[in-house]
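Student: I'm new to this one, and I'd like to know how the labels people use get justified. Can we go through them one by one?

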Amino acid sequence: MSEAIDWARVRADFPLLTREVHGRPLIYLDSANTGQKPAAVIEAVDDFYRRHNANVSRAVHALGSEATEAYEGARRKLAAFLNVHANDLVLCSGTTFALNLVAYSWALPRLKAGDAILLTRMEHHANIVPWQIVAQRTGAVIRVAEIDERGELDLERLFAQMTPDVKLLAFTHVSNVLGTVNPAREICREARRRGIVTVVDGSQAAPHRALDVAGLGCDFYAITGHKMAGPTGTGALWARREHLEAMPPFLGGGEMIREVRFEGTVYNDPPHRFEAGTPNIAGFVGLGAAVDYLSGIGMAAIEAREKELLAHATAALSQVEGLRILGDAREKAAVISFLVEGAHAHDLATLLDLEGVAVRSGHHCAHPLMQHYGVPATCRASFAFYNTVEEIDRFVEALQKVRRLLA
Ligand code: PLP
């Protein structure tokens, strides 16, 4: 499948990947943090501002109609990409906003003392802190599903933790630190059987695999555009229609109303009820172009390509003395977190940067996971379909050199 695609040509679509850093060719291994953008996305944003710029839904003039059509067109493209109805897709600034929307509009009015919210050890702070705020305000408690030695969720324990007081389960589809792909369909099915509402953080899944969000059986699914070749400040929340209909607005303002009187306001229907104010129109035009771009390659081909890169990188890194990879889930995305004996993650990343290699070091917005492993930080190399086997080899060579320097 992936053989049929000329990946060198695909890579050439990304202008930034030709630049140098510290006098060396850039090797960008931080796509889990944010993805690089193909020219098609950059040009779509540029073209919007050059030729179509106007606000959405407010003007009847030609530009206003064009901008509205472009914005709504992006919603339709994204909906098709996720296999959901466009009317059930709230456009927002990203996963952080999407999860907070569920927390404030769905959970806050419903949860109470005696209820529990179930999270997992491998959540990003964006899928922890909003629930802590809900817990503090409602008296609900937070419980945590733990992981095993492979960095996989212990499913038996997770299902046992789905007790009648659990009202909501929030979990990541793919871990941004371990790369673990969680069996979302199975988890949602078990939760649904017990009447537990599920919130899935799809930030790290949408860029790497074909998604059938409607078929997952979840209640809410959040994605972020900047990790899937789109502009920053774009993302979406999909929710079951019955939830959207029942949820009060999170933010008030223009666009989200049908009629405003000082005596009271009639809100717009979802999804617009949750899109107060002028949205990131150009950003969504770019995200629409990103979806076209990814679909043009094919998500199955992207997944297969990234699997090859992951396998190559895992084998190459395991040759590095004193290196330990965190997480070897059976189903894993192209993310490798590692530690090198005797070297601090930040020192490694700083010296790798001087070699032109961009990896992330730190806690990856996953403090509880770092606490589990008893480390303050890891190095993380994350790969996308535009990376190459040669880049991985050069990265591992650079790592060998850096390790010797730090020894
Ligand atoms: N959830 C996960 C798993 C992530 O990796 C990230 C980004 O790093 C987020 C949430 C936050 O997403 P956003 O950048 O849209 O706020």
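Tutor: Sure, and keep in mind that this is a predicted model. Let's start with C218, which has a relative accessible area of 0%.

Student: What makes C218 buried or exposed?

Tutor: Buried means under 20% relative accessible area. C218 has 0%, so C218 is buried.

Student: And why is C365 called partly exposed?

Tutor: The partly exposed class lies between the 20% and 50% limits. C365 comes out at 22%, so it counts as partly exposed.

Student: How do you know that C365 is not in a disulfide?

Tutor: A disulfide needs two cysteine sulfur atoms within 2.5 Å. For C365 the closest cysteine sulfur, in C379, is 16 Å away, so that is too far for a bond.

Student: How many disulfides does a search of the whole structure find?

Tutor: Zero. C218 is in none either: its nearest cysteine sulfur belongs to C188 and is 5.1 Å away, against a cut-off of 2.5 Å.

Student: Now the ligand. What makes the pair between T96 and the ligand a polar contact?

Tutor: The cut-off for two N or O atoms is 3.5 Å. A polar side-chain atom of T96 is 2.4 Å from a ligand oxygen, and the side chain of T224 has an N or O atom 2.5 Å from one. T95 takes part through a backbone N or O atom, 2.9 Å from a ligand oxygen. Overall, the protein covers 87% of the 400 Å² of accessible area that the ligand has on its own.

Student: Which kinds of residues form the shell around the ligand?

Tutor: One is nonpolar, 10 are polar and two are charged. The closest of the 13 surrounding residues include D201, Q204 and K227.

Methods. Residues are numbered from 1 along each chain as its sequence is written. This is a predicted model: local features need pLDDT of at least 70, side-chain atom pairs count only at pLDDT 80 or more; totals for chains, interfaces and linings use all residues. Side-chain values use heavy atoms; hydrogens and water are left out. A residue is near a molecule or strand if one of its heavy atoms lies within 4 Å of it. A polar contact is a pair of N or O atoms within 3.5 Å; within protein, one must be able to donate a hydrogen and the other to accept it, and residues adjacent in sequence count only if both atoms are side-chain atoms. Accessible areas come from the Shrake-Rupley method with a 1.4 Å probe; for residues, only the protein chains shown count as cover. Ala, Val, Leu, Ile, Met, Phe, Trp, Tyr, Cys and Pro count as nonpolar, Asp, Glu, Lys and Arg as charged, and the others, Gly among them, as polar. Buried means under 20% relative accessible area, exposed over 50%, partly exposed in between (1.4 Å probe, protein chains only).
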